[in-house]
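Q: Before turning to any one feature, how should strands, pockets and ligand contacts be read in a model of this kind?

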Amino acid sequence: MCLFCKIANNELTANKVHENDDFVAFHDINPKAPVHVLAIPKTHVDSFNEVTPEMMADMTAFIQEVAEKVDVKESGYRVITNVGENGGQEVKHLHFHILGGARLRWGHFADADPKDFL
Ligand code: 5GP
Ligand code: ZN
């Protein structure tokens, strides 16, 4: 069973902020912003590549609830899902990063210089 399946099954503890029958959200162990929460489906899905539109519909509503619960809905936040090798996905269980609580940087994302590909 993968790391996030264990959190979903309460085999590993996490600092949960919101939960329903299908999804759970908890604070990231290594936060990159004052608010850094991960939202996951309780059933295992490898990545965004495998998620169904039906699950995404409910996931979207859940993420919106999380944003309200951690009080970033009005001040603003960012939702990120890393996919695969180039996306920098470390945990192979679909998760959405919800980042906020301060002005977020919009930086240089790639190892390669985008100008070299123009
Ligand atoms: P990824 O790089 O796969 O998009 O993001 C994985 C995230 O999971 C990272 O931000 C990392 O800090 C977080 N993470 C990894 N292991 C744990 C854990 O055991 N508990 C919690 N709460 N977060 C974790
Ligand atoms: Zn899993």
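A: Two strands pair if DSSP finds at least two bridges between them; strands (E, at least two residues) and helices (H or I, at least four) are DSSP runs, numbered from the N terminus. This is a predicted model, in which local features need pLDDT of at least 70 and side-chain atom pairs count only at pLDDT 80 or more, while totals for chains, interfaces and linings use all residues. Residues are numbered from 1 along each chain as its sequence is written, ligands are numbered from 1 and chains lettered from A in the order in which they are written, and side-chain values use heavy atoms, without hydrogens and water.

Q: How many bridges join β1 to β2, and do the strands run parallel or antiparallel?

A: β1 (residues 16–19) and β2 run antiparallel, joined by three bridges. K16 stands opposite F26 in β2, and a hairpin of three residues connects β1 to β2.

Q: Which residues come nearest to ligand 1?

A: A residue is near a molecule if one of its heavy atoms lies within 4 Å of it. Around ligand 1 there are 16 residues, of which D28, N82, E90, H95 and H97 come nearest.

Q: Which polar contacts does ligand 1 have with D28, E90 and H95?

A: A polar contact is a pair of N or O atoms within 3.5 Å. A side-chain N or O atom of D28 is 2.5 Å from an oxygen atom of ligand 1. For E90, a backbone N or O atom lies 2.7 Å from a ligand 1 oxygen atom, and for H95 a side-chain N or O atom is 2.8 Å from one.

How values were computed: A polar contact is a pair of N or O atoms within 3.5 Å; within protein, one must be able to donate a hydrogen and the other to accept it, and residues adjacent in sequence count only if both atoms are side-chain atoms.
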